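Reader: I am new to this structure and would like to learn how to read its helices and its core. Where should I begin?

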Amino acid sequence: MVEMGVTGIALDATSHQPIVLLGDPEGRRQVPIWVDKVQAHSIIFGLKGLHSPRPMTHDLMLNLLRVAELEFDRIIISSIQDNTFHAELRLRRQDKTVVSLDCRPSDAIALAVRSKASIWMVEEVVSDASIPVDAEADAIDTEAFRKAIADISPAELIRRSGVNPDSPPLASDPGEPSESRG
């Protein structure tokens, strides 16, 4: 198993659905897990240590565990079935026995960030679902790009693009102005 951490929350560019990014300790792999907006909000609240005037659902769950004298041990993202992640909550009783409950990863992550419990993922799941991350290479590429454009004037960029600034812009409809691409 691999201990993971929440490295961020992003939005899917197409669906605008939130994605929780879990990263390995070396920063080489991330596993994206799509969640709904309510869960993303709860995870963000937990990450930032924010509290609402009334207990949110995950705060209530942790309060119930305390009253029942169950200690939150860890979460395990254990499998992917039909493109759906599955997770387990591991709870420890007073007699030190461990109870495992099936749950959605988004709920498990929201509870883990609030309780400071560890997040674990089965290696096979990490291998199957991870995207490679090379922060060092990304930083080098970013720096090289900055250096490359630092000394180039806007006129030089236009010249290198091959666009003739004196030509009239193209329009799909002669009556409408053309739009530029970003």
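Author: What follows goes through two helices, a serine and the nonpolar core. The model is a predicted one.

Reader: What span should the 12 residues of α1 have at 1.5 Å a residue, and how far apart are its end C-alpha atoms?

Author: At 1.5 Å a residue, the expected span of α1 is 16 Å, and its end C-alpha atoms lie 16 Å apart, so the two agree. At the start of this helix, a side-chain oxygen of Asp-36 comes to within 3.2 Å of the backbone nitrogen of Val-38. After α1 comes Gly-49, with a positive phi near 70°.

Reader: Which residues of α1 are buried, and what do they pack against?

Author: Gln-39, Ala-40, Ser-42, Ile-43, Phe-45 and Gly-46 are buried. The packing partners of the buried residues of α1 are β1 (2-11), β2 (18-23), α2 and α3.

Reader: Why does Ser-42 count as buried?

Author: A residue is called buried when its relative accessible area is under 20%. Ser-42 has 2% relative accessibility, so it counts as buried. Its side chain makes a polar contact of 2.7 Å with the side chain of His-58. Setting aside residues up to four places away in sequence, Ser-42 touches Met-56, His-58, Ala-110 and Arg-114.

Reader: Now to α2. Which of its residues are buried, and which are exposed?

Author: The general idea is that an α-helix has 3.6 residues a turn, so residues three or four places apart point the same way. In helix α2 (residues 57-67), the buried residues are His-58, Asp-59, Leu-62 and Leu-65. They cover an arc of only 120° around the axis, so they sit on the same side of α2. Thr-57, Leu-64 and Val-67 are exposed on the other side of α2.

Reader: What do the buried residues of α2 pack against, and what phi does Glu-69 take just after the helix?

Author: They pack against α1 (37-48), β4 (71-81), β5 (84-92) and α3 (105-115). Glu-69, just after α2, takes a positive phi of about 60°.

Reader: Which residues touch the most other members of the largest nonpolar core?

Author: That core has 31 residues, and Leu-22, Ile-33, Phe-72, Ile-109 and Met-121 touch the most other members. Helix α3 gives the largest share of this core, 6 residues.

Reader: And what is Ile-109 in contact with, leaving aside neighbours within four places in sequence?

Author: Ile-109 is in contact with Val-6, Val-20, Leu-22, Ile-33, Ile-43, Ile-75 and Ile-119, those neighbours left aside. Of these, Ile-43 is among the buried residues of α1.

Terms used
Residues numbered from 1 in each chain as written. Predicted model: local features only at pLDDT ≥ 70, side-chain atom pairs only at ≥ 80, totals over all residues. Heavy atoms only, no water. Buried < 20%, exposed > 50% of the residue type's maximum accessible area, 1.4 Å probe, protein only. Helix = DSSP H or I, 4+ residues; strand = E, 2+ residues; numbered from the N terminus. Arc of directions from axis to C-beta. Contact = heavy atoms within 4.5 Å. Core = buried A, V, L, I, M, F, W, Y, C linked by side-chain atoms within 4.5 Å. Polar contact = N/O pair within 3.5 Å; in protein donor to acceptor, adjacent residues only side chain to side chain. Expected span 1.5 Å × (residues − 1).
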